[in-house]
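The following note concerns the pockets of the model shown below. It is set out as numbered points for discussion.

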Amino acid sequence: MNEPVNIRELNDLIASKSNFSNMIRSGMDRRIVGQKHLVDSLLIALLCNGHVLLEGVPGLAKTLAIKTLAQLVAAKYSRIQFTPDLLPADVIGTLIYSVKNESFEVKKGPIFANFVLADEINRAPAKVQSALLEAMQERQVTIGDTTFPLDSPFLVMATQNPIEQEGTYPLPEAQTDRFLLKVVIGYPDKEEEKRIIRQNIYGTPEPVIPVVDPKEILEVQKIVEKIYIDEKIENYIVDIVFATREPSKYGLADLQSIISYGASPRASISLAKAARAYAFLRGRGYVIPEDVRAVCHDVMRHRIGLTYEAEANNISADEVINNVIDKIAVP
Amino acid sequence: MKLSRHISLIMLSLLTFMSGMAAPVSVKARLDSVQILMGKLTVLHLEAVQRKGEKGGFPMFSQAPQDGYVGVCGDSVELRTSIKRDTIDLGSGMIQINHSVPVQAFDSGTYRLPQFVYVSGRDTARSNSVALKVIPVPVAADAQISDYAGPVSPEGSVFDFLPDWLIDLWWLWLSIILLAVLFIIGMRRYRKQGGVLRKKPEPNPYEVAIKRLGNLKNRRLWEQGMEKEYFTLLTDILREYLERRFDINAMEMTTRQIIDSLSSNTEVKEKRNYMREILDVADFVKFAKVRPLPSDNIAAFDNAVKFVEETKPVEKPDADDSQANADAESNIKTGIDIPASHKTADNKKGGGI
């Protein structure tokens, strides 16, 4: 086939970097049983320079996943346990008076790391959440008079527990929108659970050896940015997002009373970015509709507001997304 | 002398005029039947003549209650007050008012009805007197004595049990029933005729796909460097074919989903490779800016035609056909030759799965 050089070059480039994702995946597999989707989502977020909001009950290897990823990338990792008495300074850092030097010195917070696990983000008050989310967005932190850029790559994985809602501060919609993906993880199956038991009770787990350099991740991020998205795919993304805003125009009148607000333009951007990263993980230099559908749920589920009627009828955002993607014609 | 003659003439004409002006009010009475059975009715006609424009009437009736009666002859004869009146213009400023008064009596005997006084304006007139004989009802002394009749239950009908509003609006219900009947008749005719506008038989998905593929070939898109449009149309034709032929929502499915759907369909499982080859190349062309070789374009088209041809719906024998066959068999038995085509309707064009 006489394909244009740029796509061929890109495909070759992606093929040369394909071991990157394979190495990370196999490294993750050695420590985490199952949770393939979680691993893929973390990789997508990493490749898109985005962040992940993770929802799942305790004990599903959320912390282990991001910790292992940090170790595999040989990057700096920090964990912040969000509590009601947490202060913004505990996250971003503060100025401390040094008696020795007789001056204020900057004490950087745990956010100065490549991989940050914000555990149970909804347990801290809004001011702390805002401090974190602002840092996530701006990728820089101002302490005193000085602005400090955050490390690159920078990935925040925030977790939420879906069952204990008492005494929590649910993230406002505007804040959740800043997460590239919202991943909902479930329990492992029987076979996986058996493997988890064996892995944890027989001997010590083998140490994680770094397989990727943070610089390599930045290079791969640049490659991902070059992945080709055809206008047909753009139209497909736009149709999906618009169908959440004006369902009746897309033959989804039933959803009109279920959706209180549709996905934002940031959703369109995130969908395109995530689809590109997914295409990279599949070794392609171009995006196909399958890539869009694969990331659609994770990108959109926290960006669609549901009405009281939907909640009363136990209709989830995932069901709404299913209806939308089953109705929009694939290019 | 002459003057006295004139005066006497004037006086005479004045008297003549005055006599005309003072025409007497009169009233005349007569009975339809002067002899009635006890309890039976006869009619008393009272014909009153009076001047036009004057108010007149019988004082004896004027104070009686409506639909009541006035008793005369010691209350033995009852004159009903439900009087019918009829006025006749007699000319010369006079009218005649005929009063028809029902008369009834419950005591036998002969009665002379009193004169009826009629008052019109300032004039009063009396009628003539009429006689009425009331004959008692003959009693059959030798007839068998019967007991009192028992209480008679009123004649009931279904309407007694219905609410008044339902009965009062009978015209509405009748209209609704009529409309319903008309609607049912109309619907039956509509069905019999196959609808007001006869539905066009749905074209066979196979025929549509082949026709559209032919059109696509004739447009010579890839020959003009429009490979992307060519593959977009080619995949659209195939997707629509899959949707109509196999009930797969192919228009809303990705390449992998379509192949998975075909894999799970036993009828088309073997032919899915044609589709896989077409869709894989189409994805390259549509989404990766790839310009395929002419041989790829031809191969994709050939694969599309092969797929459609090899999954062509098999026409099931029509019910009418089987009936015709049965008739043909019976013809052999009976020896009467009836051509099957005379009995069968046109074969259904297009086929199901």
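1. Helices and strands are named here as DSSP runs, with at least four residues for a helix and at least two for a strand, numbered from the N terminus. The model is predicted. In chain A, the lining of the largest pocket draws at least two residues from each of strand S1 (52-55), helix H7 (173-176), strand S9 (181-184), strand S11 (305-306), helix H13 (308-312) and helix H14 (317-327).

2. The largest pocket holds about 800 Å³ of space. Its lining comprises 26 residues, and those closest to the pocket centre are A:Glu55, A:Lys182, A:Arg301, A:Leu306 and A:Glu311. By class, the lining of the largest pocket has eleven nonpolar, nine polar and six charged residues.

3. As to placement, the largest pocket lies between domain 1 (27-210) and domain 2 (227-327) of chain A, because both domains give residues to its lining.

4. The second largest pocket encloses about 390 Å³ of space. Among its 21 lining residues, A:Cys48, A:Asn49, A:Gly50, A:Leu180 and A:Lys273 lie nearest the centre. Two or more residues of this lining come from each of helix H3 (36-48), helix H6 (126-138), helix H9 (214-226) and helix H11 (265-281) of chain A. Helix H11(A) gives the most, with five residues.

5. The lining of the second largest pocket divides into seven nonpolar, six polar and eight charged residues. Domain 1 (27-210) and domain 2 (227-327) of chain A both contribute to the lining of the second largest pocket, so this pocket lies between them.

Definitions and conventions. Residues are numbered from 1 along each chain as its sequence is written. Chains are lettered from A and ligands numbered from 1 in the order in which they are written. This is a predicted model: local features need pLDDT of at least 70, side-chain atom pairs count only at pLDDT 80 or more; totals for chains, interfaces and linings use all residues. Side-chain values use heavy atoms; hydrogens and water are left out. On a 1 Å grid over the protein atoms alone, a cavity is a set of points where a 1.4 Å probe fits but cannot get out, and a pocket is an open set with protein on both sides within 12 Å along at least five of seven lines; lining residues have an atom within 4 Å of a point. Grid points are joined across faces, edges and corners, and a volume is the space filled by probe spheres set on the points. Ala, Val, Leu, Ile, Met, Phe, Trp, Tyr, Cys and Pro count as nonpolar, Asp, Glu, Lys and Arg as charged, and the others, Gly among them, as polar. Domain bounds come from an automatic or database domain assignment.
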